[in-house]
Amino acid sequence: DYARLLIFLLYGVNGSLTKQMPKFLKDKGKFIVEAVHKIPELQPFKAKAENITGRIINIKDLREDFVHSVLTKATHVNGVYSFARLDAKEHNHGMKIWEFDVRSFPNMSAILEELAKDTQEFAKSLELAFHKSNANT
């Protein structure tokens, strides 16, 4: 979100990208990728931005499930918890029932930690580049 904010404040409001800050995950990723393709000063960040947004999209469904679900039982069966969430489609709503095996958590945790580290480094590198370009003007 910090990278999105930096890009929006410097190139979004008065630039050609958008007049409103993207709020939804899918729109945030599109905004960042579009920015690194359209704005010459952001070209050096293109590969990193595409890599990070791709990895975020890969875990988007699991994130959505955790954010919007509730436990259906307070206990687990062999380390597997059951969840349910409203599955809202444009014209058809239903319930999505899904399970999470806590034994997969260490792998998921490592993926999230690496992604968090990379997104933080990406945002800091953008910030440094912005400071350098502002110092040169």
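# A guided tour of the predicted model

Begin by selecting F66, F83, W98 and F100, which ring pairs link into a cluster. The coordinates on display are those of a predicted model. The structure as a whole holds six aromatic pairs, and two of them are visited below.

**First stop: F8 and F31**

Select F8 and F31 and display their side chains. The ring centres are 6.3 Å apart and the planes stand at 55°, so this pair is tilted. The two residues come from distant parts of the chain: F8 belongs to helix α1 (residues 2-12) and F31 to helix α2 (residues 25-38), with the two positions 23 residues apart in sequence. Are these two residues buried or exposed? Both F8 and F31 are buried.

**Second stop: F66 and F83**

Return to the cluster and keep F66 and F83 in view. Their ring centres lie 5.7 Å apart with the planes at 75°, so the pair is edge-to-face. F66 sits in helix α3 (residues 46-68) and F83 in strand β2, so the contact between the rings ties together parts that are 17 residues apart in sequence. The two partners can also be coloured by accessibility. F66 has 33% relative accessibility and therefore counts as partly exposed, while F83, at 11%, counts as buried.

**Third stop: S82**

Move to S82, which is placed in strand β2. With a relative accessibility of 15%, S82 counts as buried, because the cut-off for that class is under 20%. Which residues touch S82, once neighbours within four places in sequence are left aside? The contacts are V70, L71, T72, K73, W98 and E99. W98 in this list is also a member of the aromatic cluster.

**Fourth stop: N78**

Next, select N78, in the loop between β1 (70-71) and β2 (80-88). Its backbone deserves inspection on a Ramachandran plot. Most residues other than glycine have a negative phi. N78 is not a glycine, yet its phi is positive, at about 55°. The residue has a relative accessibility of 63% and so counts as exposed.

**Fifth stop: D118 and E121**

Now select D118 in helix α4 (residues 105-135). D118 has a relative accessible area of 6% and is therefore buried. To display its surroundings, add K48, I52 and R55, with which D118 is in contact when neighbours within four places in sequence are left aside.

Stay in helix α4 and select E121, which is placed there as well. At 42% relative accessibility, E121 counts as partly exposed. Add A3 and draw a distance between the two C-alpha atoms: the separation is 9.8 Å, although E121 and A3 are 118 residues apart along the chain.

**Last stop: the whole chain**

Finally, clear the selection and switch to a cartoon view. The protein has four helices and three strands, and along the sequence these follow the pattern α-α-α-β-β-β-α. The radius of gyration is 19 Å, well over the 14 Å that the globule rule gives for 137 residues, so the protein is more spread out than a compact globule. When the model is aligned to its principal axes, the C-alpha trace spans about 60 × 35 × 20 Å.

A surface view supplies further context. The accessible surface comes to about 9,400 Å², with 57% of that area belonging to carbon and sulfur atoms. Of the 137 residues, 28% count as buried; F8, F31, F83, S82 and D118 are examples already visited.

Two overall counts may be kept for a contact map and a charge colouring. Among contacts between residues at least 6 apart in sequence, 40% join residues at least 24 apart. How many side chains of each sign does the protein have? There are 20 positive and 17 negative side chains, and the centres of the two sets lie 3 Å apart.

Technical notes. Residues numbered from 1 in each chain as written. Predicted model: local features only at pLDDT ≥ 70, side-chain atom pairs only at ≥ 80, totals over all residues. Heavy atoms only, no water. Buried < 20%, exposed > 50% of the residue type's maximum accessible area, 1.4 Å probe, protein only. Rg over C-alpha atoms; globule rule 2.2 N^0.38 Å. Contact = heavy atoms within 4.5 Å. Areas by Shrake-Rupley, 256 points an atom, 1.4 Å probe, with all protein chains shown as cover. Lys, Arg positive; Asp, Glu negative; His and termini not counted. Charge placed at Lys NZ, Arg CZ, Asp CG, Glu CD. Phe/Tyr/Trp six-rings, centres within 6.5 Å; stacked < 30°, edge-to-face > 60°.
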